[in-house]
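Please consider the structure shown below. The questions that follow concern its core, its salt bridges and its sheet.

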Amino acid sequence: MKIVVLSDTHGYLNKNVKELLQNSDCAIHAGDVGSLAVYQELKVLNKNLYPVRGNCDRGAWADVLPETLAFRIDGVMFYLVHDRNDFSARPEPGTDLFICGHTHIYQQSERRGMTLLNPGSCSQPRGGLPPTCAIIETQGGKYTIHQETV
């Protein structure tokens, strides 16, 4: 399966991100979607959407977004939260991928037997970095990750 991982869109999706979403099996959004319009567009572009609420996601539309989310795709266990320093960020046992956003900076590391992934921001990167997301390819409980500049 091909999974696009986004974070910190802050109300904007560029054409490269839209194309990635249309050509993937699933989409994960680690918070700060930014607007009802972008949330609805994400759902249209990829019906298999796994989002969480970020600190900038406010209003009635954002009430449907959970603060954390644990789920399994193709045998891989995911745990999703916006800010990894949030006190509710306690991954489920057996988590393979801990995904967060908030910093707008791509990061990938190994910790406590799991991969920590921050896809950066595909609309408002920081530190002079390019806009990024992550692509995860899964097959039978195994996965690979690569950074995608968008």
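In what follows, contact (or touching) means heavy atoms within 4.5 Å. The model is predicted: local features need pLDDT of at least 70, side-chain atom pairs count only at pLDDT 80 or more, and totals for chains, interfaces and linings use all residues. Residues are numbered from 1 along each chain as its sequence is written, and side-chain values use heavy atoms, with hydrogens and water left out.

Q: Which residues does V4 touch, not counting those up to four places away in sequence?
A: Residues up to four places away in sequence are set aside for this list. V4 is then in contact with L20, L21, S24, C26, A27, I28, C133, A134 and I135.

Q: Which element supplies the largest share of the largest nonpolar core?
A: A nonpolar core is a set of buried Ala, Val, Leu, Ile, Met, Phe, Trp, Tyr and Cys residues joined through side-chain atoms within 4.5 Å; buried means under 20% relative accessible area, exposed over 50%, and partly exposed in between (1.4 Å probe, protein chains only). The largest such core has 20 residues, and V4, L6, V17, L21, V33 and L42 touch the most other members. At least two residues each come from β1 (2–6), α1 (15–22), α2 (36–45) and β9 (132–139), where helices (H or I, at least four residues) and strands (E, at least two) are DSSP runs numbered from the N terminus. The largest share, four residues, is that of α2.

Q: Which residue forms a salt bridge with E41?
A: A salt bridge is a side-chain nitrogen of Lys or Arg within 4 Å of a carboxyl oxygen of Asp or Glu, and the structure holds two. In the pair that includes E41, the closest N and O atoms are 3.1 Å apart. The partners are 23 residues apart, with E41 in α2 and the other in α1. The partner of E41 is K18.

Q: How many residues apart in sequence are the parts that R53 and E67 tie together?
A: R53 and E67 form a salt bridge whose closest N and O atoms are 3.6 Å apart. Both residues lie in the loop between β3 (49–51) and β4 (68–73), so the parts tied together are separated in sequence by 14 residues.

Q: What relative accessible area does R53 have?
A: R53 falls in the partly exposed class, as does E67 at 43% relative accessibility. The relative accessible area of R53 is 25%.

Q: Which are the edge strands of the five-stranded sheet?
A: Two strands pair if DSSP finds at least two bridges between them. The sheet is open, with mixed pairing and the order β3-β2-β1-β9-β10. Each edge strand pairs on one side only, and these strands are β3 and β10 (142–149).

Q: What is the bridge partner of I3 in β9?
A: β1 and β9 run antiparallel and are joined by four bridges. In β9, I3 has as its bridge partner I136.

Q: At about what angle does α2 run to β3?
A: Axes are lines fitted to C-alpha atoms, for helices over the stretch in contact, and angles run from 0 to 180 degrees between N-to-C directions. α1 lies across β1, β2 (26–29), β9 and β10, at about 145° to β1. α2 also packs on the sheet, touching β1, β2 and β3, and its angle to β3 is about 145°.

Q: Which residue in the turn between β9 and β10 has a positive phi?
A: β9 and β10 pair in the antiparallel sense over eight bridges, with T144 in β10 as the bridge partner of E137. The two strands form a hairpin with two residues between them. The turn residue with a positive phi, about 55°, is G140.
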